[in-house]
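Trainee: Please take one part of this model and go through it closely with me, strand by strand. I'd like to know what pairs with what, and what sits around it.

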Amino acid sequence: MPDDSSLKAVEVVELTKVFKDFWGRPRVRAVDGLSFDIRAGEVFGLLGPNGSGKTTTIRMLLGLLFPTKGVVRILGAPPRSVSAKKRIGYMPEESHFYPYLNAEEILDFYCRLFHLSKSERQHRISHLLGMVGLSGARHRPIREYSKGMARRIGIAQALVNDPDMILLDEPTTGLDPIGTREVKDLIRQLKNRGKTVLLCSHLLADVEDVCDRIAILYGGKLRAQGAVSVLLAQKEQTQIVTDKLPKPVIEKVLELIRNESGHQRIEVGEPTQRLEAFFLDVVERARTEMVPTSGAEVSRMDIQFFDRREGAMGDALVEHLVEAAKVVPQPVKPEAVSAPNAPESDEAMLKEMSEAALKAPVARKPAEPKPLMPVRQDVLNELLQNPRQEPRKEDDAAKKDTKDD
């Protein structure tokens, strides 16, 4: 029986993609005769400058574009196979989510696309948000997320279906060094669980840290391919690393090398750590000192929840109920309820009512109305003698007939 590591998760043979104009004339040859394969359970890096055909290749692997010619197989099936798509997780270069939904609702939406049960959805969403460090921002709308937080929710979205093949297009874009380190740790854990990861990134240091093999494209063609350690090895030089040596010992070693090899160019210096490692060490010390921050939380790299299927969840629930039934509840003694203090006599009650009446606000006396202005009798008589004549309806009708004539 062949080893799983020898199987091919992705197979590309003479893949070509030519974009044509409205009249059917060739306009751009984005991918030209590309051939490579990705073994199951490895992390493969697809590198190249802008316009080299990386994104076009990924889209053809996902069945979003038809190749002009060539053969593409992913997980042993054509790219447009529904059975293969169920086992694929994809994080695009730019994730576009509904801005009015929060993180929980976004992940629940994608879980429903894979027909996961309600209990399984809740379980996965909780663990995925903790994995990407967004548990504290699970109820915030996506429109309030920074670019780095949006990338984190994009990574969680790509893992909701527990995929066998994961395609990550620029997963660390917009992330701080802490988030970048966490994403690289996640990729390593996915590899340890037998997942196949295709990583496309412009950050070569990240690719160097996590990828087993890489392929470099330029102009749509394959320019280099192989294991990272083999491609980066400088075979014309030799490096010796040891603990700190005293100066006399270093002089003797240099003299021996010159006499035996004849080389005069020998460099001796102290090794330096990478800036990423130094930065993460400073941040870790700040976290140890409990320095408050409003940024993303430390992610919990726990991907074992993918092993928790429906049957396992049911067994755990039954076991929990059985253990709970073994616990004998202790009877709780009712506490004596003290009655409110009643007044000792009628005189005490009258005294309390009198004190309450004295403390009550006193009602104000309503203000007297102001006297009206005096009325002139002569004006009133004149109005009574000469009332205003209202126009009669007959006169109005007569005037209207005259006007019509």
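Mentor: Let's agree on terms before we dig in: two strands count as paired if DSSP finds at least two bridges between them. The elements themselves are DSSP runs numbered from the N terminus, with helices being H or I over at least four residues and strands being E over at least two. Bear in mind that this is a predicted model, where local features need pLDDT of at least 70 and side-chain atom pairs count only at pLDDT 80 or more, while totals for chains, interfaces and linings use all residues. Residues are numbered from 1 along each chain as its sequence is written, and side-chain values use heavy atoms, with hydrogens and water left out.

I'd start with β3. It pairs with strand β8 (residues 213–218) in the parallel sense, over four bridges. In that pairing, L46 stands opposite A215 of β8. β3, which covers residues 43–47, is also joined to β7 by four bridges, and those two run parallel as well. Here F44 has L198 of β7 as its bridge partner.

Now for how covered β3 is. Five of the five residues of β3 are buried (under 20% relative accessible area with a 1.4 Å probe, protein chains only; exposed is over 50%, partly exposed in between), so β3 is largely enclosed by the rest of the structure. Both faces share in that: V43, G45 and L47 are buried on one side, and F44 and L46 on the other.

Move over to β7, residues 196–200, and you find five of five residues buried there too. T196, L198 and C200 point one way from the strand, while V197 and L199 point the other way. β7 also pairs with β6 (residues 165–169), again in the parallel sense, over five bridges. L198 turns up once more here, as the bridge partner of L167. For the chain as a whole, 31% of the 405 residues count as buried.

Follow β6 a bit further and you reach some enclosed space. A cavity here is a set of points on a 1 Å grid over the protein atoms alone where a 1.4 Å probe fits but cannot get out; a pocket is an open set with protein on both sides within 12 Å along at least five of seven lines, and lining residues have an atom within 4 Å of a point. Grid points are joined across faces, edges and corners, and a volume is the space filled by probe spheres set on the points. The structure has three cavities of 30 Å³ or more, and the second largest holds about 50 Å³ of space. β6 and α6 (177–192) are the elements that give two or more residues to its lining, with α6 giving the most, four residues. Look for I155, A158, L159, I166, L168, V183, L186, I187 and L190 around the second largest cavity. By class, that makes nine nonpolar, no polar and no charged residues (nonpolar means Ala, Val, Leu, Ile, Met, Phe, Trp, Tyr, Cys and Pro, charged means Asp, Glu, Lys and Arg, and the others, Gly among them, are polar).

For contrast, try the antiparallel sheet. It is open, with three strands in the order β2-β1-β4, and its edge strands, β2 (26–39) and β4 (69–74), each pair on one side only. Nine bridges join β1 (residues 8–20) to β2, and V28 in β2 is the bridge partner of F19. Helix α1 (residues 54–61) packs on this sheet, touching β1, β2 and β4 (contact means heavy atoms within 4.5 Å), and its direction makes about 115° with that of β1. Such angles run from 0 to 180 degrees between N-to-C directions, with axes fitted to C-alpha atoms, for helices over the stretch in contact. Six of the eight residues of α1 are buried, namely K54, T56, T57, I58, M60 and L61. Just after α1, G63 takes a positive phi of about 80°.

α1 also leads to the second largest pocket, with a volume of about 540 Å³. L62, G89, Y90, P92 and Q157 are the closest to its centre among the 21 lining residues. β5 gives the most to that lining, with three residues.
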